[in-house]
Amino acid sequence: MASESATQIFRRLFAALDSEDREAALDALRAGYELVNRDGVSAWLECMDPEIEWSEGAEVPERHVYRGHEGVLRQQERFDDAWESFRIEAVDFAALGDKLVVIVKLWGRGRGSGAEVEARAAHLWEFRDGKAVRFEIYGDPERALRRVTAQG
């Protein structure tokens, strides 16, 4: 479904989560991340609350928290400046209430250094009224899962 918009993918994701269809939810997540790989994070803006809080992981040097669509776009400019190429694949997830932890595999090549990176990480999403209101990156997927389950 390469021609799906972010809104269509998110609707499919929420329907799958509501019906507890893990495979359909993971398929939607994979489609969503593939959309970002192809078109960049700006393709998801329509599904983000205008006041979204986007937080880089605690492991990120000079960590920043960005607010709103403009902040997300600024973060992505910084990110794009650091990477020659980058790819993300959703491999698993855990959902609890309005929170979703997506376990991802990352591949990238640093701009300038040419260093290649392959890692697992987690993205913690929080949704309200069908829109993403918070996003946080975790270098340790288990830490993200513990945070969500601790908040119940």
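**Group meeting: a six-stranded sheet and its helices**

Okay, let's start in the middle of things, with strand β4. Nine of its 12 residues are buried, so β4 is largely enclosed by the rest of the structure. Before I go on, please keep in mind that this is a predicted model.

So what sits around β4? Let's take its two strand neighbours in turn. On one side there's β3, residues 83-96, which pairs with β4, residues 99-110, in the antiparallel sense over 12 bridges. If you want to find the register on your screens, W83 stands opposite G110 in β4. Further along, A90 stands opposite V104. These two strands make a hairpin with two residues between them, and G97 in that turn has a positive phi of about 60 degrees. Hold on to G97, please, as I'll come back to it.

Now the other neighbour. β4 is joined to β5, residues 116-128, by 11 bridges, and that pair runs antiparallel too. A handy register mark here is L106, which stands opposite A119 in β5. This hairpin has five residues between the strands, and there's a glycine with positive phi here as well: G112, near 90 degrees.

Let's zoom out to the sheet. In what order do the six strands of the open sheet come? Reading across, the order is β2-β1-β6-β5-β4-β3, and the pairing is mixed. The edges are β2, residues 65-67, and β3, each of which pairs on one side only. On average, neighbouring strands are turned by 20 degrees against each other, if you ignore direction.

Where does the parallel part of that mixed pairing come in? Look at β1, residues 48-55, and β6, residues 131-138: they pair in the parallel sense over four bridges. S55 of this pair stands opposite E136 in β6. On its other side, β1 pairs with β2 in the antiparallel sense, over three bridges. Two of the partners to look for are E53, whose bridge partner in β2 is R67, and W54, which stands opposite Y66. As a general reminder, side chains in a regular strand alternate between the two faces of the sheet.

On to the helices, and α3 to begin with. α3 packs on the sheet and touches β1, β2, β3 and β4, with its direction making about 45 degrees with that of β1. I picked two residues from this helix. The first is Q76, which lies in α3, residues 68-82. Is Q76 buried or exposed? It's a glutamine, but its relative accessible area is 15%, and because the cut-off for buried is under 20%, Q76 counts as buried. Leaving out residues up to four places away in sequence, Q76 touches V41 and W54. That's the W54 we just met opposite Y66 in β2.

The second α3 residue is D81. D81 goes the other way: at 58% relative accessibility it counts as exposed. D81 and R111 are 30 residues apart along the chain, and their C-alpha atoms are separated by 7.2 Å.

That leaves the two helices at the start of the chain. How do α1 and α2 cross? The axes of α1, residues 6-18, and α2, residues 22-39, come within 8 Å and cross at roughly 160 degrees. The two are therefore roughly antiparallel to each other, and α1 passes α2 in a left-handed crossing. Which residues meet there? From α1 you have A6, I9, R12, L13, A16 and L17, and from α2 you have A24, A25, D27, A28, L29, A31, G32 and L35. Sorted by class, that contact has 11 nonpolar, one polar and two charged residues.

I'll finish with L17 in α1, as it takes us back to where we began. With a relative accessible area of 24%, L17 is partly exposed. Leaving out residues up to four places away in sequence, L17 touches A25, F93, A95 and L100. And here's G97 again: L17 and G97 are 80 residues apart in sequence but 10.0 Å apart in space, C-alpha to C-alpha. G97, you'll remember, is in the turn between β3 and β4.

That's my tour. Over to you.

Note on methods. Residues are numbered from 1 along each chain as its sequence is written. This is a predicted model: local features need pLDDT of at least 70, side-chain atom pairs count only at pLDDT 80 or more; totals for chains, interfaces and linings use all residues. Side-chain values use heavy atoms; hydrogens and water are left out. Axes are lines fitted to C-alpha atoms, for helices over the stretch in contact, and angles run from 0 to 180 degrees between N-to-C directions. Angles under 35 degrees count as roughly parallel, over 145 as roughly antiparallel, 65 to 115 as roughly perpendicular and the rest as oblique. A crossing is left-handed if the near helix is turned anticlockwise from the far one by less than a right angle, and right-handed if clockwise. Contact means heavy atoms within 4.5 Å. Ala, Val, Leu, Ile, Met, Phe, Trp, Tyr, Cys and Pro count as nonpolar, Asp, Glu, Lys and Arg as charged, and the others, Gly among them, as polar. Buried means under 20% relative accessible area, exposed over 50%, partly exposed in between (1.4 Å probe, protein chains only). Two strands pair if DSSP finds at least two bridges between them.
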